[in-house]
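Work through the exercises below with the model open beside you. Try each task before you read its solution.

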Amino acid sequence: MGDIRLPRHMFLWCLSAIYMFAFASLYVQIPGLYGNEGVLPARWQLRVSGKSVVEQLKDSPTLLWFGPRLGLDTQQCMELLSLTGALLSLMTLALPVLRDCRVFLVLWILYLSLYQVGQVFLYFQWDNLLLEMGFLAILIAPMKMPWSSKVRLHDSVTFWLARWLLFRLMFASGVVKLTSRCPTWWGLTALTYHYETQCIPTPLAWFAHQLPVWFQKLSVVGTFVIEIAVPFMFFSPIRRHRLAAFYMQVLLQVLIILSGNYNFFNILTITLCLSLLDDQHVNFWLRRPTPKTESTSLQTLISGLAVMLEMGTYALLGYWTVKYFDLQVEWENKSISTKTAFTYFEFNGFLKTVTVPSIWIGVLSLTWEIISSMFKCACVRGVLWRLWSTIQWAVMTAATVSMFAISLVPYTYFEYDAHSNLWPGVRTAFELTDRYQLVNSYGLFRRMTGVGGRPEVVIEGSMDRNTWTEIEFMYKPGNMSAAPPVVAPHQPRLDWQMWFAALGPHTQSPWFSSLLHRLLQGKRDVIRLIQTDESQYPFSKQPPAYLRAHRYKYWFSEPKKDGSYPQRWWRRVYVEEFYPMVHLGDSYLEQMLVQHGLKDKAPPRRSSNAWLPRLLHHVSEHVREMPAPLLLWTLFSSAATLCLLNSLRSRAHHHQHESLQNRHADQQAAGPTRSSVAKEDEKKHEEDDAKDDAEEDGKEQEEDAASEEEQEGEIEEEVDSLRKRK
C-alpha cells in the first residue's frame with residue numbers, strides 16, 4: 001500500500017459532510033418524533049430515579065442527563081445536541097484545521113447521545129455504521145490543535161480499519177441474501193420487485209423497473225459477485241486489484257443512489273471505499289505529475305508476474321461466475337440466461353471453508369501494515385523524534401488490534417462454528433463495549449418484501465364519518481399521480497417506519513397508535529413530519545374527529561402499448577383494514593396506548609424562560625419552514641464553496657512557491673558558469689572605482705591648492721592696502 005495522505009483527507013472530509021447531513025436531518029424531525037407532544041417522547045427514556053450522574057451514564061451513555069442543569073427539557077437538549085453537531089460538522093467540512101481527532105470525538109459523543117434515546121426511529125443499520133465509522137475517525141484523524149505533528153507513520157495502520165469495515169459490510173450483505181433462503185435472491189429475480197417495493201424510490205426506479213427480466217437477473221448476479229467475491233481483493237498486494245475493487249463497489253453504490261433514496265448510507269459506503277486508494281491514484285485524478293523512477297530488471301520481472309496474476313484472478317472470477325450461475329448467451333433472443341447452479345447446503349459449506357481463512361487474510365494484511373510502519377519509525381532521524389513516533393505507533397497499533405479483535409464477534413454471526421471458536425476474552429470485550437456501538441453486524445436487503453405487491457398504509461380522516469379524506473405524506477407513495485421524490489441524503493424517519501409498519505399488523509408497530517392520537521389532537525410538530533407546508537395538510541384548520549387506516553397493494557404503472565408513458569406513476573388495489581376507526585377518548589385507542597406504555601403518566605417539565613431555551617425555540621421556528629432536503633443541500637453547498645475557494649487560494653500559493661523554488665534552482669544551476677564573469681566584473685568595478693577615487697583626490701588637491709593661492713593673494717592685497725594707509 002502506497003502513501004495514503006490524500007485518501008485519508010478525503011475520508012475525513014466526506015465523514016464531516018455525512019455527520020452534517022445526519023445531524024441536520026434529525027434536527028428538523030426532533031419535535032415531531034421525540035418532543036413532549038411527539039410520537040415517542042424521548043423523556044420517557046430518561047426516568048428520574050435519584051441516581052448519581054455517573055450511575056445514569058453507566059445505564060445510558062448520553063449527554064441528555066445534563067439537560068436539567070442547563071434548564072432544558074429532553075426535547076430542547078436533543079435540539080441543542082443536534083444543532084451543535086450540525087454546526088460543528090459544517091465547520092469541520094469547511095475548515096481543514098478542525099478535522100482533528102478531538103473534534104471527531106465530540107461528534108461521535110453527540111450522535112451516540114441522540115442514538116441512546118432514538119428508539120425505533122434511530123435503529124437503522126446506517127446509524128450503527130455512522131457510529132462505527134465515527135469512532136474509527138477518532139483513530140484516523142490527526143491531532144492538529146494547538147500544534148500539528150508531521151510525523152504520523154501509523155496512518156496506514158489505523159486507516160486499515162476502514163478497509164476491514166468495508167469488507168465486513170459488503171461480504172455480510174452478500175452472504176445474508178443467500179443464508180436467508182429468500183426465493184427471490186436464489187431465483188435471481190429480486191430486482192424485478194426491488195425497484196417498486198423499496199421504501200422511497202426515485203423517478204429513475206420506474207424506468208429501471210421496465211428493464212427486461214433477463215437483464216434484472218444478470219444484475220443480481222453482478223450484485224453477488226461485487227458483494228461476495230470482490231471484497232477479498234481489498235487485501236490483495238497487487239495495487240490494480242484494489243483499484244478495480246474500488247470502482248466496482250462505487251459503481252454499485254451509484255446505481256443504488258440513482259434508483260432509491262437511502263439517505264446517507266450509500267455515501268458512507270463510498271467513503272469507506274476511499275481506503276482502497278493511494279496518493280498516486282488521487283494525484284492521477286487531479287492530473288498532478290508524479291515522479292518517475294527508473295525500474296530495475298528485478299522490478300520489471302515482478303511487475304510482469306503481477307500482471308499475470310492479476311489477469312489470472314479476473315479470469316478465475318469470470319469462470320466461477322459462469323459456472324455457478326450458469327451464464328449462457330441466447331443469440332436468438334439477444335439475451336443472457338442465468339440461474340443459480342449451487343444449493344443452500346453447498347453455500348453453507350463454502351461459508352465454513354471461507355470464514356476462518358478470511359479472518360487470517362485480515363490478520364496477515366494488518367500485520368504487514370504494522371511491520372511496515374514499524375520500520376518507518378525505526379528510520380526516523382533524531383533520537384527524540386524516533387522515540388515519539390515509536391510511542392505513537394505502539395499506541396495506535398494496540399488500538400487497531402483491539403478493534404479488529406472485537407469486530408470478529410459480529411462478523412462471524414453468519415457462521416456458527418467460527419463464532420463459537422472465538423476466544424472468550426474477545427466475547428467479553430465485545431459485551432462490555434456493545435452499548436457504545438463500536439462494532440456492529442450488518443446485512444442489508446436480507447429478504448425481498450412486497451413480492452405480491454408493495455404494501456402501503458393510507459391514513460384517512462373525517463369530520464362526520466361519511467366523507468373521508470386521505471392524508472398524503474410528503475415522501476412515501478400515496479397519491480398515484482405524484483412522482484417519486486428525490487430526498488437523499490435526508491431521511492424522513494416517519495415515512496421509513498410507515499413502510500415497515502405496512503409489512504405486518506399495527507400491533508407490531510406500537511408507535512402507530514401514538515401517531516393517530518397526536519393527529520387527532522392536531523399537534524403541529526407531528527403534522528410537520530407529514531407535510532412541511534401545513535396548507536397541504538387537509539386538516540390544517542381543524543383536526544379530524546375520526547381517523548382510520550387501510551392497507552393497499554401498490555405497483556408501478558406499465559407503459560402503454562404504443563410505448564408512451566402513462567399519466568400515473570402507480571396503480572393500487574385495496575387489501576384490508578389496517579387500523580379501525582378511532583376518535584379522541586376511543587376505548588380501543590386508549591387500550592393500545594396503555595398497553596404499549598404510550599400514555600403520559602406525568603405532565604412534561606415546564607420549559608424555562610432562560611435565554612438558551614428561547615434561542616433554541618427561535619432557531620427551530622425559522623429552520624423548519626424550509627424543506628429538509630433543500631436545507632441539507634444549502635448547508636453542504638455553502639461549506640463546499642468555502643472549501644473550493646480555500647483550495648484555489650492554497651493552489652495559487654503553492655504555484656507561487658514552486659516558481660520561487662524553480663528560480664532559486666536555476667540560479668544555483670547557473671552559478672558555476674557565471675562566477676568567473678562576476679569576478680572579472682568585480683575587478684573592473686574595483687579598478688574603475690580606484691581610478692575615480694584617484695581622479696577625485698587629484699581634483700580635491702587642485703582645488704585645495706587653488707584655494708590656498710587665493711587666500712595668499714588676499715593676504716598680500718590686505719598688506720599692500722595697510723602700507724598705503726600708513
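## Where to read with care

This is a predicted model. Over residues 699-716 the pLDDT stays under 50, and the model has 0 contacts there beyond four places in sequence.

**Exercise 1.** Find out what pLDDT the protein averages, and where else the pLDDT stays under 50.

Solution.
- Step 1. Take the average: the protein has a mean pLDDT of 88.
- Step 2. Take the share: 89% of the residues score at least 70.
- Step 3. Look at residues 674-679, where pLDDT also stays under 50. The model has 0 contacts for residues 674-679 beyond four places in sequence.
- Step 4. Draw the lesson: where pLDDT is low, the predicted coordinates should not be read in detail.

**Exercise 2.** Describe the protein in totals: its helices, strands and buried share.

Solution.
- Step 1. Count the elements: 25 helices and 6 strands.
- Step 2. Turn to burial. The protein has 726 residues, and 48% of them count as buried.
- Step 3. Turn to the surface. About 37,700 Å² is exposed, with 60% of it supplied by carbon and sulfur atoms.
- Step 4. Check the contacts. Of those between residues at least 6 apart in sequence, 78% join residues at least 24 apart.

**Exercise 3.** Which residues does the UniProt annotation "transmembrane region" cover, and how much helix do residues 12-30 and 297-317 hold?

Solution.
- Step 1. Read the record. The unreviewed UniProt entry gives residues 12-30, 80-98, 105-124, 218-238, 250-277, 297-317 and 393-414.
- Step 2. Inspect residues 12-30. The chain there is 89% helix and 0% strand. The end C-alpha atoms are 27 Å apart.
- Step 3. Inspect residues 297-317. This span is 100% helix and 0% strand. Its end C-alpha atoms lie 30 Å apart.

**Exercise 4.** Classify the aromatic pair of Phe246 and Trp285, and say which helices hold the two residues.

Solution.
- Step 1. Start from the total: the structure holds 59 aromatic pairs.
- Step 2. Take the geometry of Phe246 and Trp285. The centres are 5.9 Å apart, and the planes are at 40 degrees. The pair is tilted.
- Step 3. Place the residues. Phe246 is in helix H12 (residues 239-259), and Trp285 is in helix H14 (residues 279-285). They are 39 residues apart, and the pair links distant parts of the chain.
- Step 4. Check burial. Phe246 has 5% relative accessibility, so it counts as buried. Trp285 has 33%, so it counts as partly exposed.

**Exercise 5.** Classify the pair of Tyr537 and Phe539, then decide for each residue: buried or exposed?

Solution.
- Step 1. Take the geometry. The ring centres are 6.2 Å apart, and the planes are at 70 degrees.
- Step 2. Apply the cut-off: planes over 60 degrees apart count as edge-to-face. The Tyr537 and Phe539 pair is therefore edge-to-face.
- Step 3. Check burial. Tyr537 is buried at a relative accessible area of 2%. Phe539 is buried at 8%.

**Exercise 6.** Which rings lie under the charged residues Arg548 and Arg572?

Solution.
- Step 1. Take Arg548. It lies over the face of Trp468, 4.0 Å from the ring centre.
- Step 2. Take Arg572. Its charged end sits over the ring of Tyr552, 4.1 Å from the centre.

**Exercise 7.** Asn263 and Arg287 each have a positive phi without being a glycine. Locate both, and compare their burial.

Solution.
- Step 1. Take Asn263, with a phi of about 45 degrees. It is in the loop between H12 and helix H13 (265-273).
- Step 2. Take Arg287, with a phi of about 60 degrees. It lies in the loop between H14 and helix H15 (297-324).
- Step 3. Set the burial side by side. Asn263 is buried at 3% relative accessibility, whereas Arg287 is exposed at 65%.

**Exercise 8.** Where does the cis peptide bond between Ala488 and Pro489 fall?

Solution.
- Step 1. Take the angle: omega is about 10 degrees for the bond joining Ala488 and Pro489.
- Step 2. Place Pro489: the loop between strand E4 (468-471) and helix H20 (493-501).

Definitions and conventions: Residues numbered from 1 in each chain as written. Predicted model: local features only at pLDDT ≥ 70, side-chain atom pairs only at ≥ 80, totals over all residues. Heavy atoms only, no water. UniProt positions renumbered as here; feature names shortened; annotations may be inferred. Helix = DSSP H or I, 4+ residues; strand = E, 2+ residues; numbered from the N terminus. Phe/Tyr/Trp six-rings, centres within 6.5 Å; stacked < 30°, edge-to-face > 60°. Buried < 20%, exposed > 50% of the residue type's maximum accessible area, 1.4 Å probe, protein only. Lys NZ or Arg CZ within 6 Å of the ring centre and 35° of its normal. Contact = heavy atoms within 4.5 Å. Areas by Shrake-Rupley, 256 points an atom, 1.4 Å probe, with all protein chains shown as cover. pLDDT = per-residue confidence, 0-100.
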